[in-house]
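Please take a look at the structure below. Some questions and answers on its helices, strands and salt bridges follow.

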Amino acid sequence: MPASNAANVRSIKIVIVGAGSVGVTTAYALLLSGLAAEIVLIDIDTNRALGEAIDMSHAAHYAQARVRVGDSYDDCAGATAVIVTAGVNQKPGQTRMDLVKTNYGLFKSIIPQIAAAAPDTILIIATNPVDVLTHAALKLSGFPVERVIGSGTAMDTTRFRHELGKQFGVNPRNVHAVIIGEHGDSQLPVWSLASIAGMRLRDYAAQKGIPYDQEVMDGCSQRTKDAAYEIIQRKGKTNYGVASVLVSILEPIITDGDALVTVSRVGTYAGVDDVALSMPCKLNRAGAHQDVPLLLDEKEKELLRQSAESIKEVLRACE
């Protein structure tokens, strides 16, 4: 890490609201990343949160950060970012949208308190359904749109690149492909722009001398969409992947890195206004910015419109 960023980290405070599996795994990943000087856990179960903080503090021998429990939302004061993971978890057989009523009601209680205590912070929403709750957080906080960010399809994009990397036999970091739209069942892969080594996937396959089969590609995107359901069916929750993604969202915010990440932000998409969904955004210390629209083909534009409409329908039901 450059010296200027290292000096900046010494003043970084990150608050995580919700000390469930996602919250504490994120705190631990953040602790080991060295990106923050202070990590604060806030949870309704203070005793459990304290146990997690004490346990993590024993790992602080290997990472220079302080982990503690907040007594109230006033402990959000001075935070560079507040990550919200609090809420009811998705259960086997349940869609993310099924969670909306309970978690929407919770946000009505906690978001105004966070905003009052930390009016200059950046909100990062991880609770599902993340697109609906990113929209709720924006309205309930009164923050500028760039300072309310949903984790969105950053996780799906990571999973998608993993699947394509396996298919083509390359490191996922060398696969340039994104999932956009809803973090959920109406998400869509942007096939028209997916590439490896600067070549579209079909051209890369031809250069490599392997067949390109769209059905196989569709299998990659379907496994991406189904990944969370499969994990939840097997172990009851997802936590490691999303924690790593949340830290990857935090990093360019803390370091002013101008990284492009597929995150959820309120805007107008495919003619549908005032809805949150994921598109590539530039992340820096001011938040998330949508500087350059994607060049989608006509089919992708229509699928994006359908995704936006499905989220909008749930928003109408919440209002």
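Q: Which residue follows H8, and what is the sign of its phi?
A: This is a predicted model, in which local features need pLDDT of at least 70, side-chain atom pairs count only at pLDDT 80 or more, and totals for chains, interfaces and linings use all residues. Residues are numbered from 1 along each chain as its sequence is written, and side-chain values use heavy atoms, with hydrogens and water left out. Helices (H or I, at least four residues) and strands (E, at least two) are DSSP runs, numbered from the N terminus. Phi is near 90 degrees, hence positive, at the residue that follows H8, Gly236.

Q: Why does the end-to-end distance of helix H8 agree with its length?
A: H8 covers residues 214-235, which is 22 residues. The expected span is 1.5 Å times one less than the number of residues, so H8 should span 32 Å. Its end C-alpha atoms lie apart by 31 Å.

Q: Where does H8 bend?
A: The bend at a residue is the angle between axes fitted to the seven residues ending there and the seven starting there. In H8 this angle is about 50 degrees, at Asp226.

Q: Which elements do the buried residues of H8 pack against?
A: Buried means under 20% relative accessible area, exposed over 50%, and partly exposed in between (1.4 Å probe, protein chains only). Among the buried residues of H8 are Met217, Cys220, Thr224 and Ile232. The buried residues of H8 pack against helix H6 (154-168), strand E8 (179-180), strand E9 (188-189) and helix H7 (201-208).

Q: Is Asp131 buried or exposed?
A: Asp131 sits in helix H5, residues 130-141. Contact means heavy atoms within 4.5 Å. Leaving aside neighbours within four places in sequence, Asp131 has contacts that include His183, Ser264 and Ile311. Its relative accessible area is 2%, so Asp131 is buried.

Q: Which residue of E4 is the bridge partner of Ile16?
A: Two strands pair if DSSP finds at least two bridges between them. Strand E1 (residues 13-17) and E4 pair in the parallel sense over 4 bridges. In E4, the partner of Ile16 is Ile83.

Q: Which residues of strand E4 point the other way from Ala81 and Ile83?
A: In a regular strand the side chains alternate between the two faces of the sheet. Strand E4 spans residues 81-84, and the four named residues are all buried. Opposite in direction to Ala81 and Ile83 are Val82 and Val84.

Q: How many salt bridges are there?
A: A salt bridge is a side-chain nitrogen of Lys or Arg within 4 Å of a carboxyl oxygen of Asp or Glu. By this rule the count is 14.

Q: Which residue forms a salt bridge with Arg68?
A: The closest N and O atoms of the pair are 2.6 Å apart. The pair links distant parts of the chain, strand E3 (residues 66-69) and strand E2 (residues 38-42), 30 residues apart. Both residues are buried. The partner of Arg68 is Glu38.

Q: Why are Glu52 and Arg48 separated by about one helical turn?
A: Their side chains meet in a salt bridge, 3.6 Å from N to O. Both lie in helix H3, residues 46-57. They are about one helical turn apart because their separation in sequence is 4 residues.

Q: What is the relative accessible area of Glu298?
A: Glu298 forms a salt bridge with Lys301, with closest N and O atoms 3.3 Å apart. Lys301 counts as partly exposed, at 40%. Glu298 is exposed, with a relative accessible area of 59%.
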